[in-house]
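These are notes for a colleague who is opening this structure for the first time. Please read them with the model on screen.

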Amino acid sequence: MEALLINKHEILKRYKPVSVQAHKGTQGHALIIGGSYGKIGSIILASKASLKSGCGLVTALIPKCGYTSIQTSFPEAMVITDKEEAYISEIEFEIIPNAIAIGMGIGQHETTQKAFIKFLKNNNKPLLIDADGINILSKNKELFDFVSEQTILTPHRKELQRLIGDWSSEEEMIEKAARLTESKKWIIVIKGAPTQIISGNAIYTNSTGNQALATAGSGDTLSGIIAGLLAQGYTPEDAAILGVYIHGLTADIGSKSLGYQAFIASDIIENLGKAFLSLDENF
Ligand SMILES: NC(=O)C1=CN([C@@H]2O[C@H](COP(=O)(O)OP(=O)(O)OC[C@H]3O[C@@H](n4cnc5c(N)ncnc54)[C@H](OP(=O)(O)O)[C@@H]3O)[C@@H](O)[C@H]2O)[C@@H](O)CC1
Ligand SMILES: Nc1ncnc2c1ncn2[C@@H]1O[C@H](COP(=O)(O)OP(=O)(O)O)[C@@H](O)[C@H]1O
Ligand SMILES: [Mg+2]
């Protein structure tokens with residue numbers, strides 16, 4: 001396997017500045033699906049992160065309980081609500097998204113699992129699966145066949161363990177994950193310190209980020225960043241690599257003034273602008 005470091009040089013090969021002629025239609029529409037009672041914040045974070053990563057439009061598909069909080073806290077998002085109050089029971093939408101992220105805060109209610117399975121069997125859009133979406137896959141391995149090639153999975157190590165089983169060394173973890181990506185042609189983002197991305201026959205190790213990210217919602221926010229890049233037309237591999245790099249860069253930038261303890265997931269979002277500007281200096 002080829003081992004590569006994700007540094008600024010690698011990123012500048014993949015990063016695309018926003019065109020002067022851009023309008024919200026050319027910047028793509030991200031659909032963020034998830035949330036359940038008490039975990040709507042994961043979708044607010046992911047949706048805001050996607051829009052502040054440059055996509056033109058974002059729609060959140062959430063249970064009814066989240067409607068007022070997301071429309072109030074993040075008016076830029078459009079919202080589709082499930083008929084259920086507390087969890088997602090059906091995944092139906094009229095819009096035509098350019099990319100979808102699903103799983104953050106979605107929970108594992110029996111009805112949600114059924115809706116997720118039906119969604120997977122019908123989806124043909126670039127897709128990121130995170131959190132409980134991964135946990136549902138782990139519990140229903142026959143679903144692997146319905147997760148198309150180039151789908152991005154973003155497990156933390158516990159979620160990865162549920163997906164591929166335990167390991168006794170870092171090498172064994174990488175080997176087992178690589179076997180899965182090889183057979184399914186998925187892209188697996190192994191979130192950690194550092195984060196490693198397995199794509200094709202390469203493993204990319206991120207060079208940004210720090211312990212400020214050890215905070216609730218930082219993974220949900222990463223899912224939003226990657227979905228926002230996918231919606232702009234980045235290939236799944238480039239969206240994952242650029243997203244992980246930018247996500248970590250916000251912590252490198254933000255922790256300078258906030259420190260590690262007081263840095264929370266919203267600060268990732270607040271520092272996205274400075275992170276992208278640090279790339280634009282080179283254009
Ligand atoms: N505001 C919101 O709405 C928020 C909503 N959220 C949503 O909540 C859902 C559950 O998310 P979750 O990651 O807590 O789930 P789950 O896999 O059950 O973890 C349990 C065990 O896994 C471990 N562990 C946890 N993190 C780890 C890591 N980074 N790296 C390594 N290990 C890690 C740890 O195990 P331990 O180390 O304690 O043995 C922990 O006890 C999910 O849908 C998410 O989107 C959250 O994002 C928060 C903000
Ligand atoms: N000590 C650390 N150094 C670098 N990155 C970290 C550290 N701790 C956590 N992270 C990052 O924070 C994110 C945590 O993801 P996750 O556990 O899914 O968060 P949540 O589900 O609460 O949103 C990952 O991107 C991980 O790489
Ligand atoms: Mg998570």
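The points below cover the annotated domain, the sheet and the two ligands.

1. Status and domain. The model is predicted. The UniProt record, an unreviewed entry, carries the annotation "domain: YjeF C-terminal" for residues 7–279. Over residues 7–279, helix makes up 43% of the chain and strand 14%. The C-alpha atoms at the two ends of this stretch are 11 Å apart.

2. The sheet. An open sheet is formed by 10 strands, with mixed pairing. Read across, the order is S1-S10-S9-S8-S7-S6-S5-S2-S3-S4. The edges are held by strand S1 (2–6) and strand S4 (78–81). Each of these has a single partner strand, so one side of each has no neighbour in the sheet.

3. One strand pair in detail. In general, the strands of a sheet pair through backbone hydrogen bonds, either parallel or antiparallel. Strand S9 (residues 196–199) and strand S10 (residues 202–206) pair in the antiparallel sense, over four bridges. Serine 199 has alanine 202, in S10, as its bridge partner.

4. Surroundings of ligand 1. There are 15 residues around ligand 1, and those that come nearest are Gly105, Asp132, His156, Arg162 and Asp220. By class, the shell around ligand 1 divides into three nonpolar, six polar and six charged residues.

5. Polar contacts of ligand 1. Three side chains each place an N or O atom at a short listed distance from an oxygen atom of ligand 1: aspartate 132 at 2.7 Å, histidine 156 at 2.9 Å and lysine 158 at 3.0 Å. Taken alone, ligand 1 exposes 900 Å², of which the protein buries 52%. Helix H2 (41–51) and helix H6 (157–164) are the elements that give two or more residues to the shell around ligand 1. The largest share, three residues, comes from H6.

6. Surroundings of ligand 2. Which residues come nearest to ligand 2? Of the 15 around ligand 2, they are Lys191, Thr195, Gly217, Gly219 and Asp220. Asp220 is also among the residues that come nearest to ligand 1.

7. Polar contacts of ligand 2. The side chain of lysine 191 has an N or O atom 2.8 Å from an oxygen atom of ligand 2. The backbone takes part as well: a polar backbone atom of leucine 213 is 3.2 Å from an oxygen atom of ligand 2, and a backbone N or O atom of aspartate 220 lies 2.8 Å from one. On its own, ligand 2 has 570 Å² of accessible area, and the protein covers 77% of that.

Conventions
Residues are numbered from 1 along each chain as its sequence is written. Chains are lettered from A and ligands numbered from 1 in the order in which they are written. This is a predicted model: local features need pLDDT of at least 70, side-chain atom pairs count only at pLDDT 80 or more; totals for chains, interfaces and linings use all residues. Side-chain values use heavy atoms; hydrogens and water are left out. UniProt positions are given in the numbering used here, feature names are shortened, and annotations may be inferred rather than shown by experiment. A residue is near a molecule or strand if one of its heavy atoms lies within 4 Å of it. A polar contact is a pair of N or O atoms within 3.5 Å; within protein, one must be able to donate a hydrogen and the other to accept it, and residues adjacent in sequence count only if both atoms are side-chain atoms. Accessible areas come from the Shrake-Rupley method with a 1.4 Å probe; for residues, only the protein chains shown count as cover. Ala, Val, Leu, Ile, Met, Phe, Trp, Tyr, Cys and Pro count as nonpolar, Asp, Glu, Lys and Arg as charged, and the others, Gly among them, as polar. Two strands pair if DSSP finds at least two bridges between them.
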